[in-house]
Amino acid sequence: MRVMVLGGAGFIGRHLVRALEARGDGVSVASLRDPARAADLSAGHDAVVNLAGAPVSARWSAAQKRAIARSRIDLPHAYLDALARVDARPSTYVSASAIGYYGTSRTATFVESSPSGDDFLARTCANWEAEAQRAAAIGLRVAWVRTGLVLGSDGGALAIWSASICSPSTARVGRSTRPLRIP
């Protein structure tokens, strides 16, 4: 397959790109900072995986919340608008989302069909998924993945957690030598 990974330089994206390449897929990495250019680059690919988004690990100031929402809703909107104008489109659009979709509860058990919550992250995830669903209107098969805390010895939530409890002189995350396996 030929796969375009939007946000391929991020923590999950780096691992996905390596895994796709290891199984023999052709992989291109692009940014959503320029949605029209990303759409042009998507031509000739079988699938697009959208992992792009502003980091959620920074303090959620009003400006950071705007950046989080814009990167997950406004930029994909512009990308899909531009992709609709490209003749050779991928057949599949996979969009990252998050378990934040469900909101929070001390007692509830959430399953895939549970409704979205009503806090900032839940509303952002619901809007993010609705935006991804627009890809169906231009003929793409749509899938989304709701990730939770992503842990890795070379980054992800584990690195954020370790950095928050360790002083800068002791915070160190090693590199894993085991490859990520995708069935």
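Which residues does Phe120 touch, not counting residues up to four places away in sequence? The legends below take up this question after an overview of the chain, which is shown as a predicted model.

**Figure 1. Overview of the predicted chain and its order of helices and strands.** The chain contains 5 helices and 7 strands, and along the sequence these elements follow the pattern β-α-β-α-β-α-β-α-β-β-β-α. Of its 183 residues, 38% count as buried, while the chain as a whole exposes about 10700 Å², of which carbon and sulfur atoms supply 55%. When the contacts with a separation of 6 or more are considered, 64% of them are accounted for by residues 24 or more positions apart in the sequence.

**Figure 2. Close-up of Phe120 in helix H4.** Phe120 belongs to helix H4, which spans residues 120-133, and the residues that Phe120 touches, when those up to four places away in sequence are not counted, are Trp60, Lys65 and Ile68. With a relative accessible area of 16%, Phe120 falls under the 20% cut-off and is therefore buried. A further point of reference in this view is Gly103, which lies 17 residues from Phe120 along the chain, with the two C-alpha atoms separated by 8.5 Å.

**Figure 3. Close-up of Ser71 in helix H3.** Ser71 is part of helix H3, the helix formed by residues 62-84, and its relative accessibility of 10% places it among the buried residues. The side chain of Ser71 reaches the backbone oxygen of Ile68 at a distance of 3.0 Å. Not counting residues up to four places away in sequence, Ser71 touches Ala52, Gly53, Ala54 and Pro76; two of these residues, Gly53 and Ala54, are also named in the legend to the pocket that follows.

**Figure 4. Close-up of the largest pocket and the residues that line it.** The largest pocket holds about 1400 Å³ of space, and among the 44 residues that line this pocket, those closest to its centre are Gly53, Ala54, Pro55, Val56 and Arg72. At least two residues of the lining are supplied by each of helix H1, helix H3, strand S4 (92-98), helix H4 and helix H5 (157-165), and the largest share, 5 residues, comes from H3. Sorted by residue type, the lining of the largest pocket divides into 25 nonpolar, 15 polar and 4 charged residues.

**Figure 5. Close-up of Gly8 in the loop between strand S1 and helix H1.** Gly8 is found in the loop that follows strand S1 (2-6) and leads to H1, and with a relative accessible area of 7% this glycine is buried. Leaving out residues up to four places away in sequence, Gly8 touches Gly13, Arg14, Val17, Val29 and Ala30. Arg18, which is 10 residues from Gly8 in sequence, lies 9.9 Å away in space, C-alpha to C-alpha.

**Figure 6. Close-up of Asp25 in the loop between helix H1 and strand S2.** Asp25 occupies the loop between H1 (11-22) and strand S2 (26-30), where its relative accessible area of 12% makes it a buried residue. A polar atom of the side chain of Asp25 lies 3.1 Å from the backbone nitrogen of Met1. Once its neighbours within four places in sequence are left aside, Asp25 is in contact with Met1 and Leu20.

**Figure 7. Close-up of Leu41 in helix H2.** Leu41 sits in helix H2, which covers residues 35-42, and at 35% relative accessibility this leucine counts as partly exposed. When residues up to four places away in sequence are not counted, Leu41 touches Met4 and Ala30. Val86 lies 45 residues from Leu41 in sequence, and the two are 9.8 Å apart in space, C-alpha to C-alpha.

Key
Residues numbered from 1 in each chain as written. Predicted model: local features only at pLDDT ≥ 70, side-chain atom pairs only at ≥ 80, totals over all residues. Heavy atoms only, no water. Helix = DSSP H or I, 4+ residues; strand = E, 2+ residues; numbered from the N terminus. Buried < 20%, exposed > 50% of the residue type's maximum accessible area, 1.4 Å probe, protein only. Contact = heavy atoms within 4.5 Å. Areas by Shrake-Rupley, 256 points an atom, 1.4 Å probe, with all protein chains shown as cover. Polar contact = N/O pair within 3.5 Å; in protein donor to acceptor, adjacent residues only side chain to side chain. 1 Å grid on protein atoms, 1.4 Å probe; cavity = no way out; pocket = protein on both sides within 12 Å on 5 of 7 lines; lining within 4 Å. Points joined across faces, edges and corners; volume = space filled by probe spheres on them. Nonpolar A, V, L, I, M, F, W, Y, C, P; charged D, E, K, R; others polar.
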